[in-house]
Amino acid sequence: MKIGEKYAARNASNDDNMVPLINVVFLMLVFFMVAGQIQKADPVAVIPPQSINEARATTDPNVEIVLGADASLYVDDVLFVVDDIQAYLEQAFASSSNPDAFWVQIKADGAISLEKLRPIFNQVRLAGLTKVSLATQLERGNE
Amino acid sequence: MPLNLPQPKRKNAISLTPLIDVVFILLLFFMLTSTFVPWRLVDTPLSVSSDQQDPAQEKPDNLVLTLKQNDDQVWVDGQALRFSDQAAFQTLITDHNEGVFVIKAEDGVTLQTLMHLADRLKLNGAKTVSIANAFAMPESK
């Protein structure tokens with residue numbers, strides 16, 4: 001039957017039509033694999049303050065403090081109370097293999113007000129640590 | 001005389017559909033997990049001594065800027081200065097070129113406002129901007 005033959009022919013060539021699609025999909029796959037960086041997700045959503053600052057981290061932070069917009073506080077992905085940070089930092093510093101390079105990263109939401117950050121900085125200071133960095137994001141759009 | 005051989009059958013390669021399925025899943029994974037905007041870092045070195053001196057009093061050339069609200073204004077020597085006032089910032093910075101610009105903040109000021117001010121100062125040529133004082137506990141004042 002004519003209709004049947006036509007139908008069969010189209011079916012057979014289906015895969016050939018997909019080759020350009022696969023080409024494109026493969027290209028996208030390679031792009032995202034090479035250009036993107038896979039990062040660990042933060043325990044809370046944080047929109048960091050925007051800044052023109054360009055400095056990047058050369059090493060991974062030894063301790064990461066995350067402060068969300070709702071003032072929820074996480075230290076190394078564990079929910080913390082502010083007063084417990086000092087003990088945790090002291091213990092982390094004591095067990096660090098390279099104390100000279102020990103540094104603390106604070107990821108705080110840009111909308112957080114500074115009086116929420118002060119106790120955290122105070123705890124870090126009480127723990128005797130001086131290398132602290134705040135995370136920012138490059139300003140987009142208006143530069 | 002043409003041979004009446006049967007047409008060589010085109011070898012049917014493995015179907016591409018499962019391959020595409022897998023590739024699409026990989027693509028989705030990489031699209032969703034990858035980030036293109038790496039975090040930047042602002043160093044805020046802390047002084048260890050608890051009786052920290054006010055850096056504003058150490059050197060006379062240091063300039064204290066105080067943020068009171070998130071209204072894009074900063075107070076310098078009792079005068080309000082708008083962030084958008086480029087000319088005023090420039091004169092301020094050329095007047096205190098060798099000093100440290102110490103930013104202080106009152107309660108309620110957001111981190112973003114603080115960063116905006118630090119950016120403004122840097123963009124207008126300030127060499128040393130200190131934001132660590134904005135994070136100092138108020139009782140040390």
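In which sense, parallel or antiparallel, do strand β3 (residues 63–67) of chain B and β6(B) pair, and over how many bridges? In this predicted model, the two strands pair in the parallel sense, and five bridges connect them. Within this pairing, Leu67(B) has Ala105(B) of β6(B) as its bridge partner. On β6(B), three further bridges lead to strand β7 (residues 128–130) of chain B, again with the strands running parallel. Here Val102(B) is matched with Ser130(B) of β7(B). The connection from β6(B) to β7(B) passes through α4(B), and the resulting β-α-β crossover is right-handed.

Strand β6 of chain B, spanning residues 100–105, is mostly covered, six of its six residues being buried. In a regular strand, side chains alternate between the two faces of the sheet. For β6(B), both faces are covered. One side presents Val100(B), Val102(B) and Lys104(B), the other Phe101(B), Ile103(B) and Ala105(B), and all of these residues are buried. Ala105(B), buried in this way, is also the residue bridged to Leu67(B).

These strands belong to a chain with four helices and seven strands. From the N terminus, the order of elements in chain B is α-β-β-α-β-β-β-α-β-α-β. Chain B comprises 141 residues, of which 25% count as buried. Considering contacts in chain B between residues at least 6 apart in sequence, 70% link residues that are at least 24 apart.

Helix α3 of chain B (residues 86–95) has Phe89(B), Leu92(B) and Ile93(B) as its buried residues. Viewed down the axis of α3(B), these buried residues lie within an arc of 95° and therefore line one face of the helix. Exposed residues Ala87(B), Thr91(B), Thr94(B) and Asp95(B) occupy the face of α3(B) turned away from the buried side. The packing partners of the buried residues of α3(B) are β4 (73–76) and α4 of chain B.

Val76(B) is located in strand β4 of chain B. This residue counts as partly exposed because it has 16 C-beta neighbours inside 10 Å, whereas burial requires 20 or more. Leaving aside residues up to four places away in sequence, Val76(B) touches Leu63(B), Leu65(B), Leu81(B) and Leu92(B). Among these, Leu92(B) is one of the buried residues of α3(B). Between the C-alpha atoms of Val76(B) and Leu117(B), which are 41 residues apart along the chain, the separation is 12 Å.

The contact between the two chains involves 39 residues from chain B and 46 residues from chain A. On the side of chain B that touches chain A, at least two residues each come from α1 (17–33), β1 (34–35), β2 (40–43) and α4 (111–123) of chain B. The most is given by α1(B), with eight residues. By type, this side of chain B consists of 26 nonpolar, eight polar and five charged residues. Strand pairing also links the chains: strand β7 (residues 132–138) of chain A and β2(B) are joined in the antiparallel sense over four bridges. In this pairing, Asp43(B) of β2(B) is the bridge partner of Ser133(A).

In chain A, an unreviewed UniProt entry places the feature "transmembrane region" at residues 21–38. In the model, residues 21–38 of chain A are 83% helix and 11% strand, with 26 Å between the end C-alpha atoms.

How values were computed. Residues numbered from 1 in each chain as written. Chains lettered and ligands numbered in written order. Predicted model: local features only at pLDDT ≥ 70, side-chain atom pairs only at ≥ 80, totals over all residues. Buried ≥ 20, exposed ≤ 12 C-beta atoms within 10 Å, placed from the backbone. Contact = placed C-beta atoms within 7 Å. Nonpolar A, V, L, I, M, F, W, Y, C, P; charged D, E, K, R; others polar. Pairing = 2+ DSSP bridges. UniProt positions renumbered as here; feature names shortened; annotations may be inferred. Right-handed = clockwise from strand over helix to strand, strands pointing away. Arc of directions from axis to C-beta.
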